[in-house]
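I set out to keep a short notebook on one structure. My entries record what I looked up and what I found.

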Amino acid sequence: MWVPKNSTWHNDSTKLERFFIEKIIQRCDYDETISKKHRTINGFTQLQELIRLAELSKKRIRTLRTLIVLLKEAKSKYIKQNIVNDIIIIKYFADLKDYILNFNEDDSFKNDSLDKIDNFIHNLKKFSIQLEKYYFKYIVQELKEVDFKEKVKIERITDLISKLVDIIIPYLLHKGYSISTLNEVLRSWIQSREYISLEKFLDFFSHSEHFYELIVFIGNNTVDNEDIKNIIYSKGFGNIRKAIDFTYDFEKPKSSGHRDEVICYETRTIDPVSLIRNQYDDLLKSTVISKDRKSLNIFTNFFKNSYWRKTGSSHKFFKNIIISGDPISVTSRRGTVFLSLIDNKSILFNENSSLDFIKNDQLKKALYYYNLALGSKSIENSLSLLWTSIESILPYRSYKADIENVRDIFGKIFSYGSFTRDIQYLIKRIFTVNTVNQGCFNTIGVNSLPKYNRGTDMYTWIEWLKNDSQNKFKQFNDISSLLANEYLYTMKPILEGKLESILERINSSKESIEFQLQRIYLHRNQIVHSGDYINEYTNLWIHLEWYIGKFLYYIIFKTEINSEYSDIEELFRNLESDFEYCYSYLEKNPNKLCRDSDRIFKLLLEIDWQ
């Protein structure tokens, strides 16, 4: 989690301007908790997805079932950025919202019928033309109407800004920007104390192409370099040059051997990081296609050895491509299984520990596929292996189709922990902001609170968070409006709300997880059954790895380390039973005040998926 030091902001920046930038950084930070990462869709991208799936259904009839599921996602009341809840669609493209709401997918596509598919595609494409012309224009218009100087009506405006951030990020990614660029550019502006106005942000991310030079050091392996050279020249994009030609094009002269070579690109692009990601993907595929090989080591440090500079810029030296956390790079992938075990302070496990104590053969098989996935240089292969890991560890199958079994159990157990996840995240953010800002909250007692956000330590924090809430909100808002907003979002339902708010949070999490899994399964099937490549994989891979990583961690902790359960089936049947008990209680008592519901809160807080 990256948070800025309060004193590094430009003095003229307002609280709401800072909130806008911090919110984008939060969504684009690879180190953020899973619930806070950027959204996969907005109304614009979901419309494109529906068109693509509808056209694919004409070729592969089984895709029609996925199309039906994603149409339900498009009209779900719990998915905040879908077509019917996207604030730009609601305000400016109401006809599209009405069309989706009134379209009966179960009836139209009954028994895999394609009778109405052409008319459906035709109508969606007409809406697509409208959105292509005006969607981003209206996002900009809405942002420009925000009064970033407002100091009183903070809650209402931060809610609007959050909604706009959650739809602008998927749009910018769809149009070719990278998460790394969004993240790193905004961080660098803060750290250099630049005044970050809305105009500055929109001007930079205006989809304008600029001329860039990019180089990738590929060493001196004659065989590998010859293969890369053949691919580069056959495609007519890029060049191979001697590394020593660029020795003095770095702030600190970069030494290279006389046989070392670089791939050199000189081209126009809106985002050099996206361009180098695409070249990695293209070179990897072309290299594997060209001939069988025993090693792809040349791609291991591809991004670490990649550099860029903007032609004509006053900054004449090459800069390293920053892509830390992006799963396209094998060295950036983080294994949730190991990270979770290391983070669990109740057990002795560190970076040098191994899992050689595992006894369960089913668990061993799942870990085998999981670890293979983390090391695969192909993102398609990695995603497919992660899914295989899931299927090999499912404790039971209550439904015919594998995807239905995965959606059912994962949707229940991970949404069950959403409430706890929010509280733990808030604790972590308060602690981090306090540390970065040299004890700014020590006057309200943060320095005397536990450093851990789980178990009995979490309960200590919760009691502290409940008390003197208005003063805490003010203190948080003085340093970070984003933190104050998180405090309000998490604690207001507990302090003032009813159980229906907790039920809505669980339903929102459950549907989001289920639809995300359906989307991942679609891509997995395209890889396995059709050999297709995938493009929009980053967010999908991150979520899938987190789901299976937490699932495996929980099994290891409960069955292999603590031996609380004799087998995996018993473990998850108990967990599913607890979920259904709590869910039923929330459904039957929606009007009960949260502050009068200690018993159900205790049950909800027992499950921890942070």
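The entries below go from one helix to salt bridges, a helix pair and three single residues.

**Entry 1. Helix α18**

I worked from a predicted model. I began with helix α18, which runs over residues 455-466 and has twelve residues. I looked up the distance from its first C-alpha to its last and found 17 Å, close to the 16 Å expected at 1.5 Å a residue.

Which residues of α18 are buried? I noted Met458, Trp461, Ile462, Trp464 and Leu465. Looking down the axis of α18, I found these buried residues within an arc of 165°, so they line one face of the helix.

I then asked what covers the buried residues of α18. The cover includes α17 (418-436), α19 (469-479), α20 (481-496) and α24 (598-605). I also looked past the end of the helix: Asp468 follows α18, and its phi is positive, near 55°.

**Entry 2. Salt bridges**

How many salt bridges does a search of the whole structure find? The search returned 42. I took three of them for a closer look.

In the pair of Lys72 and Asp106, the closest N and O atoms are 2.8 Å apart. Lys72 belongs to helix α3 (residues 63-74) and Asp106 to helix α6 (residues 105-108), so this salt bridge ties together parts that are 34 residues apart in sequence. I checked the accessibility of both partners. Lys72 is partly exposed at 34% relative accessibility, and Asp106 is partly exposed as well, with a relative accessible area of 44%.

My next pair was Glu580 and Lys412, whose closest N and O atoms are 2.8 Å apart in a salt bridge. Glu580 sits in helix α23 (residues 568-588) and Lys412 in helix α16 (residues 402-416), so the pair ties together parts that are 168 residues apart in sequence. Are the partners buried or partly exposed? Glu580 is partly exposed, with a relative accessible area of 40%, whereas Lys412 is buried at 11%.

I then looked for salt bridges that share partners. Such bridges join Lys72, Lys75, Glu105 and Asp106 into one network.

The third pair I recorded was Glu194 with Lys200, whose side chains meet in a salt bridge at 2.8 Å, N to O. Glu194 counts as partly exposed at 30% relative accessibility. Lys200 is also partly exposed, with a relative accessible area of 25%.

**Entry 3. Helices α2 and α8**

I turned to the packing of helix α2 (residues 43-57) and helix α8 (residues 154-174). Their axes come within 8 Å and cross at roughly 50°. This crossing makes α2 oblique to α8.

Which residues meet between the two helices? On the α2 side I listed Phe44, Thr45 and Gln48, and on the α8 side Pro170, Tyr171 and His174.

**Entry 4. Lys472**

I returned to the surroundings of α18 by way of α19, the helix that holds Lys472. Is Lys472 buried or exposed? Lys472 counts as buried, at 5% relative accessibility.

Not counting residues up to four places away in sequence, I found that Lys472 touches Ile444, Trp464, Leu465, Asn467 and Tyr487. Among them, Trp464 and Leu465 are buried residues of α18. I also looked up the separation of Lys472 and Ala484, which are twelve residues apart along the chain, and their C-alpha atoms are separated by 8.3 Å.

**Entry 5. Ser509**

I located Ser509 in helix α21 (residues 499-530). At 6% relative accessibility, Ser509 counts as buried. With residues up to four places away in sequence not counted, Ser509 touches Phe414, Ser415, Ser418 and Arg421.

**Entry 6. Leu186**

My last entry concerns Leu186, found in helix α9 (residues 179-191). Its relative accessibility is 0%, and Leu186 therefore counts as buried.

What is Leu186 in contact with, leaving aside its neighbours within four places in sequence? I recorded Ile21, Ile24, Ile25, Ile196 and Phe201. I also looked up Glu32, which lies 154 residues from Leu186 along the chain, and the C-alpha atoms of the two are separated by 16 Å.

Notes:
Residues numbered from 1 in each chain as written. Predicted model: local features only at pLDDT ≥ 70, side-chain atom pairs only at ≥ 80, totals over all residues. Heavy atoms only, no water. Helix = DSSP H or I, 4+ residues; strand = E, 2+ residues; numbered from the N terminus. Expected span 1.5 Å × (residues − 1). Buried < 20%, exposed > 50% of the residue type's maximum accessible area, 1.4 Å probe, protein only. Arc of directions from axis to C-beta. Contact = heavy atoms within 4.5 Å. Salt bridge = Lys/Arg side-chain N within 4 Å of Asp/Glu carboxyl O. Axes fitted to C-alpha atoms, helices over the stretch in contact; angles between N-to-C directions. Parallel < 35°, antiparallel > 145°, perpendicular 65-115°, else oblique.
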